[in-house]
Amino acid sequence: MNGLTDQWMQHEQWPEGSDVFVEAFAKGLLVIAAFNQDRSLSLSDVARRTRLPRAGVRRLLHTLVSLGMARQSGDQFMLTPRVLQLGFAFVSSLSLREVAQPVIETLSRESNEVVAITVLDGPHVVYVARAEVTSVLRRSLTIGSRLPAFCTSMGRVLLAGISAEERGRILQESDRRQFAPATVTSIKKLEKEIEKVGQQGWSIVSEELEMGASGIGAPIKDEKGNVVAAINLSTNLARHSPAELKRKFLPALLEAAEQISHHLTLR
């Protein structure tokens, strides 16, 4: 725990009988703060860290799940990027956007392509940073934009970075519609492809979400080696074939991912 969280844990210091202090809200924030150094915690872990009764912690955790700000896998609970709605706290955590922005701007300028950083939020990827260039791609994507994870290169990179159990649940929940003729919708085929992505450390997806669009993605990792985000370079097939995309941009993309990951471990 950091110093601020430790201070929050001192319940005896909370004001009593105040008409401007909402204890239930404070307890909810305590539960969120309990995850500050871990991707997942059990109910018992959260109760121990917050020093709150298990029954109350259970209600708070399931409230967060209902709001989409947390998810449950077995007896483990994890926060989701939807805590962005609390004021961009997720983006500022680990200084991801601050660290990534100059790196992706350099890569975008050198490649003359769109480069972005995304995180996983259930069956979607959410954009947290993006470097703009003149693009012939029809989508207008900004910070907070969401795309399906199963049929995008950054989504498959992120899905490869989580447990098989959680990945299977997300694929089951995904709206695996046929966005284009090449879209892979079979869970069995997707799991095989994502396993390959995990082994090779990058992903290329062409014309599965949008005709004429192709993207290449790589993982960004924290100091523990956990995949916390993905970096993606996207282009139009009129400019580069998938083979050219890999040959021309994969080394630079992997280097950018490594650079961002390295800076995150120093924070």
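## The E4–E5 hairpin and strand E6

In this predicted model, strand E4 (residues 114-121) and strand E5 pair in the antiparallel sense over seven bridges. One of the bridges places Leu120 opposite its partner in E5, Val125. The two strands form a hairpin with two residues between them, and Gly122 takes a positive phi near 60° there.

Strand E5 also pairs with strand E6 (residues 146-148); three bridges join these strands, which run antiparallel. Here the bridge partner of Val126 is Arg146 in E6. Seven of the eight residues of E5 (residues 124-131) are buried, so this strand is largely enclosed by the rest of the structure.

## A sheet of three strands

An open sheet is built from three strands in the order E1-E3-E2, with antiparallel pairing. Strand E1 (41-42) and strand E2 stand at the edges; each has a single partner strand, so one side of each is left without a neighbour in the sheet.

Within this sheet, E2 and E3 are joined by four bridges, and E1 and E3 by two. Phe77 in E3 appears in both pairings: Gln72 stands opposite Phe77, and Leu41 also stands opposite Phe77. Strands E2 and E3 form a hairpin with two residues between them, and in its turn Gly74 has a positive phi of about 65°.

## Helix H8 and its surroundings

Which residues of helix H8 are buried? They are Glu166, Arg167, Gly168, Ile170 and Leu171. The elements that cover them include strand E2 (70-73), strand E3 (76-79), strand E4, helix H7 (153-160) and helix H9.

A salt bridge connects helix H8 with strand E2. Arg71 forms this salt bridge with Glu166, the closest N and O atoms being 2.3 Å apart. The pair links distant parts of the chain, since Arg71 lies in strand E2 and Glu166 in helix H8, 95 residues apart. Both partners fall under the 20% limit for a buried residue: Arg71 has a relative accessibility of 11%, and Glu166 has one of 4%.

Helix H9 (residues 187-200) contains Glu191, which is partly exposed with a relative accessible area of 35%. Beyond residues up to four places away in sequence, Glu191 touches Gly168 and Leu171. Glu191 and Arg167 are 24 residues apart in sequence, and their C-alpha atoms are 8.4 Å apart in space.

## Thr183, Glu208 and Arg156

Thr183 is placed in the loop between helix H8 (164-173) and helix H9. At 6% relative accessibility, Thr183 counts as buried. The side chain of Thr183 reaches two backbone atoms: the nitrogen of Ala180 at 2.8 Å and the oxygen of Glu208 at 2.4 Å. Leaving aside neighbours within four places in sequence, the residues in contact with Thr183 are Phe150, Cys151, Arg177, Gln178, Glu207 and Glu208.

Glu208 also takes part in a salt bridge with Arg156, in which the closest N and O atoms are 2.6 Å apart. This pair links distant parts of the chain: Arg156 is in helix H7, whereas Glu208 is in the loop between strand E7 (203-206) and strand E8 (213-221), 52 residues apart. Arg156 is buried at 2% relative accessibility, and Glu208 is buried with a relative accessible area of 7%.

## Helix H2

Helix H2 holds a salt bridge between the side chains of Glu23 and Lys27 (3.3 Å, N to O). Both residues lie in this helix, four residues apart, about one turn of the helix. An α-helix has 3.6 residues a turn, so residues three or four places apart point the same way. Glu23 is partly exposed at 41% relative accessibility, and Lys27 is partly exposed with a relative accessible area of 26%.

Leu29 is also found in helix H2 (residues 23-33). Leu29 is partly exposed, with a relative accessible area of 33%. Together with Val22 and Phe25, Leu29 makes a nonpolar surface patch of about 300 Å².

## The protein as a whole

The protein has 10 helices and nine strands. Buried residues make up 48% of its 267 residues, and eight salt bridges are found in the whole structure. Among contacts with a separation of 6 or more, 57% are between residues 24 or more positions apart. The accessible surface comes to about 13,500 Å², and carbon and sulfur atoms account for 51% of it.

Definitions and conventions:
Residues numbered from 1 in each chain as written. Predicted model: local features only at pLDDT ≥ 70, side-chain atom pairs only at ≥ 80, totals over all residues. Heavy atoms only, no water. Patch = residues over 30% accessible without salt bridge, like charges linked within 9 Å, V, L, I, M, F, W, Y side chains within 5 Å. Areas by Shrake-Rupley, 256 points an atom, 1.4 Å probe, with all protein chains shown as cover. Salt bridge = Lys/Arg side-chain N within 4 Å of Asp/Glu carboxyl O. Buried < 20%, exposed > 50% of the residue type's maximum accessible area, 1.4 Å probe, protein only. Contact = heavy atoms within 4.5 Å. Polar contact = N/O pair within 3.5 Å; in protein donor to acceptor, adjacent residues only side chain to side chain. Pairing = 2+ DSSP bridges.
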